[in-house]
Amino acid sequence: MKTNNNSFMIVSFFLLPVIQLFIMASPTDAGGGGRWQLLQPSIGISAMHMQLLNNDRVVIFDRTDFGKSNLSLPAGNCRRDPSEMALKVDCTAHSAEYNVITNTFRPLSVQTDVWCSSGSLMPDGTLLQTGGFNDGERRVRNFKPCSGTGASCDWKEVNMALAARRWYATNHILPDGRQIIIGGRRQFNYEFYPKSSDKNVHSLPFLVQTNDKGIENNLYPFVFLNVDGNLFIFANNRAILLDYARNQVVRTYPQIPGGDPRSYPSTGSAVLLPLKNIINSNNVEAEVLVCGGAPKGSRAQAEKGIFLPALNTCARLKITDPKPNWVVETMPSARVMGDMVILPNGNVLIVNGAGSGTAAWELGRNPVLNPVIYRPGNKIGSRFELQNPTKIPRMYHSTAVLLRDGRVLVGGSNPHIGYRFSGVLFPTELSLEAFSPSYLENPNLRPTIVSPGSQTQLRHSQKFTVGFRFSGNLNPNSLSTTIVSPSFTTHSFSMNQRLLELPKTGAVRSLGKSTYQVEITTPSSGNLAPSGYYLLFVVHQEIPSQGIWVHIS
């Protein structure tokens, strides 16, 4: 299926309109909170990787060696690759750009295999995407937010730009604007990009130590920038704190209770919980939440046709504590291959995945259709809230990303080596859905940001004023302002995902006519908030406004 490019709206970067909710199917309401909408029955490719850009468009791609997709490239723009393992000449797309505002999409031309690759946004908003398979394993690809529809608004690729092959690696933006690329299949090391100063590959023995022979269980490691500037790296069932500049492990954390693996292919998911009280980075507490996965031996058993129940636990660790210990909680249901998305109010959506089996081709069973909301501020025992189910199984190779209007875009699911639409348990899924959390149920209860304008440039440690309208009874003690970094999502991990609550520097002021002002301060350094684009939200009693884009540097 291909949309008419003439219908693809050109969006101003500075006057982004209110996003409309496009509903193509009746919402599902039974069994909990939240609503589902089918946005597109097919975009022609399967959403294995997704990244929201600062023009409200989402770059999506799967892999070039799936064979022909259902999305045609423009006439004469075929991909010709003698090293390709599926089609030497392919006139179909394996990447697409989805316009959230107009609910349209168009094909993009990726030239090398992006299968199981990684990426993150650079400080200027460009998607830097790295590695993949076969001819793509040492490639770097760039996609700069743009408003056109032709060759000038498409992928740009750099050959042999990486020092090592990167397949199933993890990227993270650093305080100095570079990206670090960690691990990947048979790569027990890391490197940086761009390579202006450091072109080397740096050994990381931790990835050797966490590699289960014949299974791995340490691919796509969970990586978070800690508030001290070091990197928290979780692989398999344990974690370290790495001073990447000196290549020195400065801390080793306890093994997760039970010892079961949580990394690919025993794929769980993880988030850095919201950072608060960020005036002084020395006093900021940072916590990581790891949920789901598959017990030891799941991969070997699944290959024999025995699908073990997935893990039904989450484990939470305060990584800044002098003597941290994991706190284990039980989810409403077991889940492997789930996605975790931080919502603007600081809650976490857990969505997608299976109830048994493991990641990899054909090895998952019992799709988990009900998302769960995790409320990190509640007491243990009251943090999980079951949500309404989708009707579409989202198994291996599914994704989910937060949108500016507060919805979560959900897509993907292809547990097959190629595109398979019949004769299989879980056909290749080309659709896009949106999940609307319950905070979207009553628009009259949502604040509306009136200032600053979209794309406002801010500096670290800068005081600025946010103006907003609110028609209800305002409780200043229940008002917060948050910023969220848009993440690169694939294989159940959202790279670079981060939410910070900005401190208020004065009282909330009423300006009359249901309009208010509050002065807030941006994070003090790149250790807290690396330079780049963020979504800014005003949140009242857990109900967020629509976001606006701001740039912090």
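**Close-up views of the salt bridges, disulfides, cores and a sheet**

**Figure 1. Salt bridges across the chain.** The count of salt bridges comes to 24, in what is a predicted model. A word of background for this view: side chains of opposite charge can pair when their charged atoms come close. One pair to look for is Arg 404 with Asp 56, whose closest N and O atoms are 2.8 Å apart. This salt bridge links distant parts of the chain, with its two residues 348 residues apart. Arg 404 sits in the loop between strand 30 (398-402) and strand 31 (408-412), while Asp 56 sits in the loop between strand 2 (49-52) and strand 3 (57-61). Is this pair buried or exposed? Both Arg 404 and Asp 56 are buried.

**Figure 2. A network around Arg 79 and Asp 81.** Here Arg 79 and Asp 81 form a salt bridge, with 2.9 Å between the closest N and O atoms. Asp 81 has a relative accessible area of 9%, so Asp 81 is buried. Arg 79 counts as buried too, because its relative accessibility is 4%. Which residues join them in a network of salt bridges? Glu 84 and Asp 135 are linked with Arg 79 and Asp 81 in that network.

**Figure 3. The pair of Arg 246 and Asp 243.** In this view the side chains of Arg 246 and Asp 243 meet in a salt bridge, at 2.7 Å from N to O. The two partners make a nice contrast to look at. Arg 246 has a relative accessible area of 57% and is therefore exposed, whereas Asp 243, with 12%, is buried. Asp 243 also belongs to the stretch 238-243 that makes up strand 18, a strand that returns in Figure 7.

**Figure 4. The disulfide of Cys 78 and Cys 91.** How many disulfides does the model hold? The count comes to three, and with the bonded cysteines numbered in sequence order, the pairing reads 1-2, 3-4, 5-6. In this close-up, the sulfur atoms of Cys 78 and Cys 91 are 1.9 Å apart. The torsion about their S-S bond is about 95°, so the disulfide is right-handed. Cys 78 lies in the loop between strand 3 and strand 4 (79-80), and Cys 91 lies in the loop between strand 5 (89-90) and strand 6 (95-99). The pair therefore ties together parts that are 13 residues apart in sequence. At 18% relative accessible area Cys 78 is buried, while Cys 91, at 35%, is partly exposed.

**Figure 5. The disulfides of Cys 146 with Cys 153 and of Cys 291 with Cys 314.** Cys 146 and Cys 153 form a disulfide with their sulfur atoms 1.9 Å apart. With 85° about the S-S bond, this link is right-handed. Cys 146 is buried, with a relative accessible area of 15%, and Cys 153 is buried with 1%. In the other disulfide, the sulfur atoms of Cys 291 and Cys 314 are 2.0 Å apart. The torsion about the S-S bond of Cys 291 and Cys 314 is 115°, and the link is right-handed. This pair links distant parts of the chain, 23 residues apart: Cys 291 in strand 21 (residues 287-291) and Cys 314 in strand 22 (residues 313-318). Both Cys 291 and Cys 314 are buried.

**Figure 6. The largest nonpolar core and another core.** The largest nonpolar core has 137 residues. Those with the most contacts inside this core are Val 58, Ile 60, Tyr 98, Phe 143, Tyr 168, Phe 232 and Leu 409. Which strand gives the most to this core? Strand 42 (residues 532-540) does, with seven residues. For a closer look, take Val 58: leaving aside neighbours within four places in sequence, its contacts include Met 50, Leu 52, Ala 96, Tyr 98, Val 100, Leu 403 and Leu 409. Gln 51 and Glu 97 are also in contact with Val 58. Apart from the largest core lies another core, of 16 residues, among them Phe 192, Leu 231, Ile 233 and Ala 235.

**Figure 7. An open sheet of four strands.** The strand order in this open sheet is 16-17-18-19, with antiparallel pairing. Strand 16 (222-225) and strand 19 (248-252) are the edge strands, and each pairs on one side only. From one strand to the next, the twist averages 25°. Strand 17 (residues 231-235) and strand 18 (residues 238-243) run antiparallel and are joined by five bridges. Which residue of strand 18 stands opposite Phe 234? Ala 239 does.

Technical notes: Residues numbered from 1 in each chain as written. Predicted model: local features only at pLDDT ≥ 70, side-chain atom pairs only at ≥ 80, totals over all residues. Heavy atoms only, no water. Core = buried A, V, L, I, M, F, W, Y, C linked by side-chain atoms within 4.5 Å. Buried < 20%, exposed > 50% of the residue type's maximum accessible area, 1.4 Å probe, protein only. Contact = heavy atoms within 4.5 Å. Pairing = 2+ DSSP bridges. Axes fitted to C-alpha atoms, helices over the stretch in contact; angles between N-to-C directions. Salt bridge = Lys/Arg side-chain N within 4 Å of Asp/Glu carboxyl O. Disulfide = S-S within 2.5 Å.
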